[in-house]
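Student: I should like to take a close look at one part of this protein, namely its sheet and what packs around it. Would you kindly guide me through it in one connected account?

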Amino acid sequence: MCISLGLSSGLSFGAARAPDALLWEALSVLGLGTALELVATLMVERSVLLLSDSPPLLSAACDALVALLAPLRWEGVYVPLLPSSLLAYVEAPTPYLLGTGRSAFLAESESLDTSLAVIVD
């Protein structure tokens, strides 16, 4: 059985290559409703922060959201793995798609003002 999605990244399930399998995993973890809500948020150039303690899943989720924007391109700030030492950048006034560690963010979240944070895992 092979399931294919008509995205520019060539997502497929079955005999999938490793990057495509990670994108499929990210989309299945996010869920269809959440993924569509995040894509709509990005389309109106709002900031999105993804949280996960799994760096490969976090990076794949960011890549999947950018792939779902096709044929449009994300022109905002894109940092799929923001280091914990740079967490203050989540207060930036520009639109961004950032990913960072969930435990590091939750430890600092009381002092940070964020727009939309989604836990991926």
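Student: To begin with a single pairing, which residue in β5 is the bridge partner of V79?

Tutor: The bridge partner of V79 in β5 is L98. Please keep in mind throughout that this is a predicted model.

That pairing belongs to a wider contact between two strands: β4 and β5, the latter covering residues 96-100, are joined in the parallel sense by four bridges. Both strands are part of an open sheet of four strands, whose order is β4-β5-β3-β6 and whose pairing is parallel. At the edges stand β4, residues 77-82, and β6, residues 117-119, each of which pairs on one side only. From one strand to the next, the twist averages 15 degrees.

Let us now move across the sheet from β5. Strand β3 runs parallel to β5, and four bridges join the two. Within this pair, L50 has G99 of β5 as its bridge partner. β3 also pairs with β6, again in the parallel sense, over three bridges, and here L51 stands opposite I119 of β6.

The side chains of β3 deserve attention next. In a regular strand, side chains alternate between the two faces of the sheet. In β3, V48 and L50 point one way, L49 and L51 point the other way, and all are buried.

Helices accompany these strands. α2 lies across β3, β5 and β6, and runs at about 145 degrees to β3. α3 also packs on the sheet, where it touches β3, β4 and β5, and its direction makes about 160 degrees with that of β4. The length of α3 can be checked by simple reasoning: a helix should span 1.5 Å a residue, so the 14 residues of α3 should span 20 Å, and its end C-alpha atoms are indeed 20 Å apart. Several residues of α3 are buried, among them L57, L58, A61, C62 and L65.

This brings us to the interior. In soluble globular proteins, nonpolar side chains tend to be buried together. Here the largest nonpolar core has 22 residues, of which L30, L38, L42, L50, L65, L97 and V120 touch the most other members. Two or more residues of this core come from each of α1 (18-30), α2 (32-43), β3 (48-51) and α3 (55-68). Of these, α3 gives the most, with seven residues. A second, separate core of nine residues includes L49, L51, V90 and L112.

L50 illustrates how the first of these regions is connected. Leaving aside neighbours within four places in sequence, L50 is in contact with L38, with L58, A61, C62 and L65, with L97, L98, G99 and T100, and with V118 and V120. Thus L98, the partner of V79 across the bridge in β5, is also a contact of L50.

Finally, consider the protein as a whole. Its secondary structure comes to four helices and six strands, arranged along the sequence in the pattern β-β-α-α-β-α-β-β-α-β. Of its 121 residues, 34% count as buried. Among contacts with a separation of 6 or more, 55% are between residues 24 or more positions apart. The exposed area is about 6,700 Å², and carbon and sulfur atoms supply 59% of it.

Definitions and conventions:
Residues numbered from 1 in each chain as written. Predicted model: local features only at pLDDT ≥ 70, side-chain atom pairs only at ≥ 80, totals over all residues. Heavy atoms only, no water. Core = buried A, V, L, I, M, F, W, Y, C linked by side-chain atoms within 4.5 Å. Buried < 20%, exposed > 50% of the residue type's maximum accessible area, 1.4 Å probe, protein only. Contact = heavy atoms within 4.5 Å. Pairing = 2+ DSSP bridges. Axes fitted to C-alpha atoms, helices over the stretch in contact; angles between N-to-C directions. Areas by Shrake-Rupley, 256 points an atom, 1.4 Å probe, with all protein chains shown as cover. Expected span 1.5 Å × (residues − 1).
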